[in-house]
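Please open the model in a viewer and keep the selection panel at hand. The stops below follow one another in order.

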Amino acid sequence: MTAANLLSVLSTLWRGLRRATGDDAYDRYLEHWRVEHTVGSDEEPMDIKTFYRTHQEAQWQDVRRCC
Amino acid sequence: MARRAPLLLAPMPVRQRTPLLKTALWVTVAVLGAVALGSVALHRGETINSAWLVVAAICVYALGYRFYSAFIAAKVLSLDASRATPAERLDNGRDFVPTNKWIVFGHHFAAISGPGPLIGPTLAAQFGYLPGTLWILVGAVLGGCVQDFVILACSLRRNGRSLGQMARDELGPVSGATALIGVMMIMIILIAVLGLVVVKALAHSPWGTFTVGMTIPIALLMGFYMRHIRPGRVLEMSLIGVVLLILCVLLGGYVNHHPSLHTAFDLGPKALAWIVIVYGFAAATLPVWMLLAPRDYLSTFMKLGTIFLLAIAIILLRPEIQMPAVTPFIDGTGPIFGGKLFPFVFITIACGAISGFHSLISSGTTPKLLTREPDARMIGYGAMMLESFVAIMAMIAACVMEPGIFFAINSPAGVVGALPAETVATISSWGFPVSVEMMDGLAHEVGEITLFHRTGGAPSLAIGMATLFSGLFGDTFISVWYHFAIMFEALFILTTLDAGTRVGRFMLQDLLGNVVPALGRTSWYPGVFLTSALVVGSWGYFLWTGVTDPLGGINSLWPLFGISNQMLAAIALCVATTIIIKSGRARYAWVTAFPLAWLLTVTSAAAWEKLFSNEFRIGFLAKARILGDQLTAGTLSPEMMEKAPQLIFNANLNAALTFFFLVVIWIMATDTARICYRVLTGRPTLPSSETPFEPTRPSPDLATIPEPTQM
């Protein structure tokens with residue numbers, strides 16, 4: 001395995017870990033927001049604090065943990 | 001665990017012709033499975049190696065997954081990779097998000113895996129290792145995995161709708177309302193019994209109380225960190241939390257040896273019950289970022305890590321099973337809970353084989369994340385297989401210790417006698433030799449005051465796990481491992497407790513909001529406090545009855561929990577069966593109708609016994625009657641005279657609840673039979689609520705989703 005290969009595997013693992021734990025939730029929100037909103041509109045995406053507050057509140061409205 | 005999963009769960013691509021090698025492989029798996037199962041079932045020597053149980057389990061799961069789940073995916077559900085999933089159609093970047101299937105698998109497994117499969121098998125080990133093990137395997141492959149999978153697929157075809165909504169849409173308002181009430185009730189009983197397990201595990205254990213107590217300030221710190229210091233840094237925050245938590249487990253040893261700290265954290269069951277109740281109320285009303293969400297991160301990492309470690313320990317050590325295959329207690333005289341093998345082994349195992357609660361997850365967050373329909377097989381069926389394997393590991397952990405020790409830890413004082421000498425005499429007379437010295441020596445080793453009458457399953461599981469872990473890492477740290485195991489159990493029990501209380505509160509607000517709209521507003525504080533207090537008060541009451549019960553509480557509450565959980569599974573299977581029949585596949589309806597019929601039989605039989613058995617420890621009504629007679633005759637001890645009126649009331653309340661469960665399940669079953677009859681005879685019914693077919697869009701971004709990882 002070359003060094004470049006190893007690096008790409010590690011970076012994939014790292015991205016996967018961030019994705020699985022929700023560490024990248026805000027990045028993904030921004031990405032999604034940019035796709036949904038046309039350039040030049042007055043709207044601003046939520047800042048990171050507001051995003052996490054609403055995101056977590058919404059998550060825990062549902063049954064997420066079991067017996 | 002998930003790292004191992006690919007080997008076991010890799011889906012088989014559809015083939016035109018099966019190569020000879022593949023056939024040979026599956027024949028080998030089948031033969032190996034049969035040999036292992038045969039050895040487990042027919043072995044009658046001194047001890048049997050736990051490796052047989054592991055091999056039997058893995059072969060059964062492999063065959064079930066490869067053949068039965070493939071059949072269900074293709075024939076019963078017709079999963080279609082070209083059909084767009086809700087995540088694709090309704091992608092909003094928040095709850096509907098197309099996600100890599102391994103990540104969904106991790107999330108789904110983390111959501112469904114709870115304390116049930118650890119506690120249930122531990123308690124059911126009183127019948128010996130065989131009955132529980134067989135039911136965990138058969139029940140999961142033919143029942144539990146099927147339920148999770150089919151409900152997931154149904155919800156996937158209905159925009160991720162919840163079980164309650166599907167019941168209303170497909171069966172009508174009566175079943176819809178019944179299902180909702182059923183969900184509320186199971187929530188209350190579930191939280192009460194889990195709270196009881198924690199209270200029993202921490203009572204008079206300063207080390208455990210300190211460690212578990214410290215999880216609260218750690219979670220608050222993590223919440224503050226992620227809210228104000230480094231917003232959104234989940235991994236960083238979790239790493240800090242895990243390190244602090246492990247430090248607290250070690251620090252607990254110091255607290256235990258410090259004279260005044262020892263006294264400060266040496267709390268009785270009543271004090272602990274109040275603390276759990278106040279904690280539940282706080283967690284349900286405080287903003288989630290503060291306590292609930294950070295605690296959940298902590299508990300999820302701990303849970304996955306510990307389960308993985310347990311699997312490693314069992315596979316590397318291959319300990320001998322000390323428990324007999326079948327004990328004399330199948331006649332119903334067992335000390336841990338009263339009742340015969342049928343139906344109580346099924347009710348007690350509950351979650352490790354079939355868990356109704358999973359249907360709420362399968363129709364909750366998970367269907368909103370699937371990228372492709374066929375992924376439902378690995379996630380629905382596969383995650384439950386893993387959960388069932390956790391139950392097998394718990395069974396092994398319970399059965400590798402000396403049976404005498406197992407019974408001495410798990411039997412309530414009311415059954416085997418309050419004094420250590422009495423307890424060991426009773427248990428030894430059953431043919432499970434144990435001595436006071438053995439018990440005291442073990443208690444001293446693990447840093448506890450005593451291990452007698454530590455009912456609830458958690459302490460004995462912790463002993464089993466600590467023995468396994470110290471077998472792996474050396475004996476010096478057994479006390480640390482014991483308290484690590486207690487912390488791990490309590491941590492995720494309390495997470496289920498606070499998440500459950502919160503969801504219960506939302507459900508109640510939803511319900512009451514129909515009558516008084518203000519109560520439905522989740523931001524109106526008087527409404528929030530009132531509904532939270534109602535939910536906490538309900539489970540708090542049952543928790544209190546468990547704590548004050550002279551028979552230990554588990555004897556009454558665990559069967560009630562088992563019945564309610566299996567009742568919810570029956571509700572889910574009613575919905576699933578109706579949907580299958582409505583979709584024109586009545587010839588495959590047995591896939592869900594067969595487990596449904598079995599659950600109806602088991603729950604009804606268990607509920608009937610709990611209501612009408614004449615045994616004091618089994619029938620709630622008999623208990624009330626016998627205590628009432630003794631009260632009027634004045635034959636009770638002065639202490640019991642005082643307690644008796646309350647105990648009689650509690651027994652009657654439990655009887656009413658059992659009766660209520662029986663009514664709920666039969667309303668659902670009758671309504672399902674009626675609707676299915678109407679469909680099959682061509683009479684009009686509610687139209688299917690399935691969303692129409694939409695083809696998938698080829699999406700380039702899916703290719704960039706990372707490969708499977710640790711979680």
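Select Gly682(B), which lies just after helix 28 of chain B and takes a positive phi of about 75 degrees. Helices here are DSSP runs of H or I with at least four residues, strands are E runs of at least two, and both are numbered from the N terminus. The model is predicted: local features need pLDDT of at least 70, side-chain atom pairs count only at pLDDT 80 or more, and totals for chains, interfaces and linings use all residues. Residues are numbered from 1 along each chain as its sequence is written, while chains are lettered from A and ligands numbered from 1 in the order in which they are written.

Next, select residues 638-680 of chain B, the 43 residues of helix 28; the end C-alpha atoms are 63 Å apart, which agrees with the expected 63 Å at 1.5 Å a residue (1.5 Å times one less than the number of residues). At Ala644(B) this helix bends by about 45 degrees, with Pro645(B) following within four residues; the bend is the angle between axes fitted to the seven residues ending there and the seven starting there.

Now colour the side of chain B that faces chain A. Here 42 residues of chain B are in contact with 31 residues of chain A (C-beta atoms, placed from the backbone, within 7 Å). Helix 23 of chain B gives the largest share of that side, six residues.

Finally, show chain A alone: three helices and zero strands. Its C-alpha atoms fill a box of roughly 45 × 45 × 20 Å along the principal axes.

Notes:
Two residues are in contact if their C-beta atoms, placed from the backbone, lie within 7 Å.
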